[in-house]
Amino acid sequence: MSRFDWTVVMPVKVLGRAKSRLAVLAGPRRPELALALASDTVSAVLACPEVSRLLVVTSDTRAASVLSGLGAFIVPDAPDSGLNAALVYGAAEAARRWPGGGTAALAADLPALRPGELGAALSSAAASPGGSFVADAAGVGTTMYASVPGGTFAPRFEGASRARHASSGARELDLGDVPGLRRDVDTPDDLRAALSLGAGPRTTEMLARYGLLDRSASG
């Protein structure tokens, strides 16, 4: 366990604009699928003993209502502020409300995340004064970026963010087998991979309800 507590900051897009590459699979249900992915991620985060609280940055009223009902704190996002700006804003709000803790930015599309995986990452991040990060399954992007108390919180998500985080001086965490933490979902193939790992109940139930589970499995 860390000598300090952790606040996880999670950005959630307006659902109508989220996960555009899943439209080929989910069609008009895409916003609902995006919310299911985020809900399963939130539940896993809040079940992690190393996490003291979760702050979701979103301007989507439906997402705010559902995720706050799961136990997340909500702060509104400025329209079109961009992912990294939203995270910096959320981190500043976390520091104002709960000073003296560490801050971890986490992707909102990790439906196969296990609490123990996140706990292992945060425990390792606690020893990284220059910041740390977890690469995604493709080895190109980033699913988590963490900063300890007193450190500079400077996330560089989107695109080839693994290289940008590394070049900033942040340490890539060597965690071994944490497939759920690395498996973000942007495409149908990503979703199939998450399902094979064991996605959370809201994602699997939503896909089953609308007959999308078989389509996901079959490709």
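This report describes the overall fold, one helix pair and several individual residues of a predicted model.

## Overall architecture

The chain contains 10 helices and 7 strands. Its radius of gyration is 16 Å, close to the 17 Å that the globule rule gives for 219 residues, so the chain is as compact as a globular protein of that length. Measured out along the principal axes, the C-alpha trace spans about 50 × 35 × 30 Å.

Burial and surface composition complete this general view. Of the 219 residues, 51% count as buried. The accessible surface of the chain amounts to about 9200 Å², and carbon and sulfur atoms account for 52% of that surface. Contacts across the sequence are also informative: among those between residues at least 6 apart in sequence, 67% join residues at least 24 apart.

## The pairing of helices α2 and α9

Helix α2 covers residues 30-46 and helix α9 covers residues 201-209. Their axes come within 7 Å and cross at roughly 155°. Because an angle over 145 degrees counts as roughly antiparallel, α2 is roughly antiparallel to α9. On the α2 side, the contact is made by Glu 32, Leu 33, Ala 36, Leu 37, Ser 39, Asp 40 and Ser 43. On the α9 side, the contributing residues are Pro 201, Arg 202, Thr 203, Met 206, Leu 207 and Arg 209. Sorted by class, the contact of α2 with α9 has 6 nonpolar, 3 polar and 4 charged residues.

## Asp 40 and Ser 43 in helix α2

Two of the α2 residues in this contact may be examined individually. Asp 40 lies in helix α2 and is buried, with a relative accessible area of 5%. Leaving out residues up to four places away in sequence, Asp 40 touches Pro 111, Gly 200, Pro 201, Arg 202 and Thr 203. The C-alpha atoms of Asp 40 and Ala 108 are separated by 8.8 Å, although the two residues are 68 residues apart along the chain.

Ser 43 is likewise located in helix α2, but is partly exposed, with a relative accessible area of 27%. Apart from residues up to four places away in sequence, Ser 43 touches Leu 70 and Arg 202. Arg 202 thus appears among the partners of Asp 40 and also among those of Ser 43. Ser 43 and Arg 209 are 166 residues apart in sequence, and their C-alpha atoms are 20 Å apart in space.

## Leu 118 in helix α5

Leu 118 is part of helix α5, residues 115-125. With a relative accessible area of 1%, Leu 118 is buried, since the cut-off for burial is under 20%. Neighbours within four places in sequence set aside, Leu 118 is in contact with Val 45, Cys 48, Val 51, Leu 106, Leu 113 and Met 144. A further spatial relation links Leu 118 with Val 178: the two lie 60 residues apart along the chain, and their C-alpha atoms are separated by 8.4 Å.

## The loop between β6 and α6

The loop between β6 (142-147) and α6 (161-167) holds Glu 158, and Gly 150 is placed in this loop as well. Gly 150 is exposed, with a relative accessible area of 85%. In sequence, Gly 150 and Gly 102 are 48 residues apart, while in space their C-alpha atoms are 8.4 Å apart.

Glu 158 has a positive phi of about 85°, although this residue is not a glycine. The relative accessible area of Glu 158 is 47%, and the residue is therefore partly exposed.

## Lys 19 in the loop between β1 and α1

A positive phi is also found at Lys 19, a residue other than glycine, where the value is near 55°. Lys 19 lies in the loop between β1 (6-11) and α1 (23-26). At 18% relative accessibility, Lys 19 counts as buried, because the cut-off is under 20%. Glu 158, by comparison, is partly exposed at 47%.

Definitions and conventions: Residues numbered from 1 in each chain as written. Predicted model: local features only at pLDDT ≥ 70, side-chain atom pairs only at ≥ 80, totals over all residues. Heavy atoms only, no water. Axes fitted to C-alpha atoms, helices over the stretch in contact; angles between N-to-C directions. Helix = DSSP H or I, 4+ residues; strand = E, 2+ residues; numbered from the N terminus. Parallel < 35°, antiparallel > 145°, perpendicular 65-115°, else oblique. Contact = heavy atoms within 4.5 Å. Nonpolar A, V, L, I, M, F, W, Y, C, P; charged D, E, K, R; others polar. Rg over C-alpha atoms; globule rule 2.2 N^0.38 Å. Buried < 20%, exposed > 50% of the residue type's maximum accessible area, 1.4 Å probe, protein only. Areas by Shrake-Rupley, 256 points an atom, 1.4 Å probe, with all protein chains shown as cover.
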